Amino acid sequence: MPYHKDKQQSFQAAEQAFVQAQEATASIDSSRADYGSNVKRAKQEIEEAFTQINKALTNASEHQREQLNKYEQDLERLSNQVEE
């Protein structure tokens, strides 16, 4: 049971990090005075999400692996948007 719990916890941590990266990216508005700090925060959140996803992939079930791979692809797109 602990192994299953670890799988679930690592998946949930990756999922939460992904959501936080999405939210940080959505809060970027180039017309606002805090634009630079929002970009920096978004980059940090994206990096953290990649880290959490990679950790979760080490013991993910097949279904979780599919979802984590989708999160990675979405993060790549977010990262490209932030870099523009």
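Buried residues, meaning those under 20% relative accessible area (exposed is over 50% and partly exposed lies in between, with a 1.4 Å probe and protein chains only), make up 35% of the 84 residues in the chain. This is a predicted model, in which local features need pLDDT of at least 70 and side-chain atom pairs count only at pLDDT 80 or more, while totals for chains, interfaces and linings use all residues. Residues are numbered from 1 along each chain as its sequence is written, and side-chain values use heavy atoms, with hydrogens and water left out.

**Fold and overall dimensions**

- The chain has three helices and zero strands, where helices (H or I, at least four residues) and strands (E, at least two) are DSSP runs numbered from the N terminus.
- In sequence order the pattern is α-α-α.
- The C-alpha trace spans about 50 × 20 × 15 Å along its principal axes.
- About 5500 Å² of the chain is exposed, and carbon and sulfur atoms supply 46% of that area; accessible areas come from the Shrake-Rupley method with a 1.4 Å probe, and for residues only the protein chains shown count as cover.
- Of the contacts (heavy atoms within 4.5 Å) between residues at least 6 apart in sequence, 66% join residues at least 24 apart.

**Nonpolar core**

- A nonpolar core is a set of buried Ala, Val, Leu, Ile, Met, Phe, Trp, Tyr and Cys residues joined through side-chain atoms within 4.5 Å.
- The largest such core has 20 residues, of which Ile46, Ile53, Leu68 and Leu75 touch the most other members.
- Helices α1, α2 and α3 each supply at least two residues of this core, and α2 gives the most, with eight residues.
- Not counting residues up to four places away in sequence, Leu75 touches Phe18, Ala21, Ile46, Ala49, Phe50 and Ile53.

**Aromatic pair**

- Rings of Phe, Tyr and Trp (its six-membered ring) pair if their centres lie within 6.5 Å; planes under 30 degrees apart count as stacked, over 60 as edge-to-face and the rest as tilted.
- The count by this rule is one aromatic pair: Phe18 and Tyr71 are stacked, at 4.3 Å centre to centre with 20° between the planes.
- The pair links distant parts of the chain, with Phe18 in helix α1 (residues 2-26) and Tyr71 in helix α3 (residues 62-83), 53 residues apart.
- Phe18 and Tyr71 are both buried.

**Salt bridges**

- A salt bridge is a side-chain nitrogen of Lys or Arg within 4 Å of a carboxyl oxygen of Asp or Glu, and the chain has four by this rule.
- Lys43 forms one of them with Glu83, with the closest N and O atoms 3.7 Å apart.
- Lys43 lies in helix α2 and Glu83 in helix α3, so the pair ties together parts 40 residues apart in sequence.
- Lys43 is partly exposed, at 39% relative accessible area.
- Lys70, Asp74 and Arg77 are linked in a network of salt bridges.
- Within this network, the closest N and O atoms of Lys70 and Asp74 are 3.1 Å apart, and the N to O distance between Arg77 and Asp74 is 2.3 Å.
- Lys70 and Asp74 are four residues apart in helix α3, and therefore separated by about one helical turn.
- Asp74 is buried at 15% relative accessible area, whereas Lys70 is partly exposed at 43%.

**Glu45**

- Glu45 is found in helix α2 (residues 35-57).
- Glu45 is buried yet has no salt bridge, and the nearest side chain of opposite charge, Arg41, is 4.2 Å away; Lys and Arg count as positive and Asp and Glu as negative, with His and the chain ends not counted.
- Leaving aside neighbours within four places in sequence, Glu45 is in contact with Ala17, Gln20, Ala21 and Ala24.
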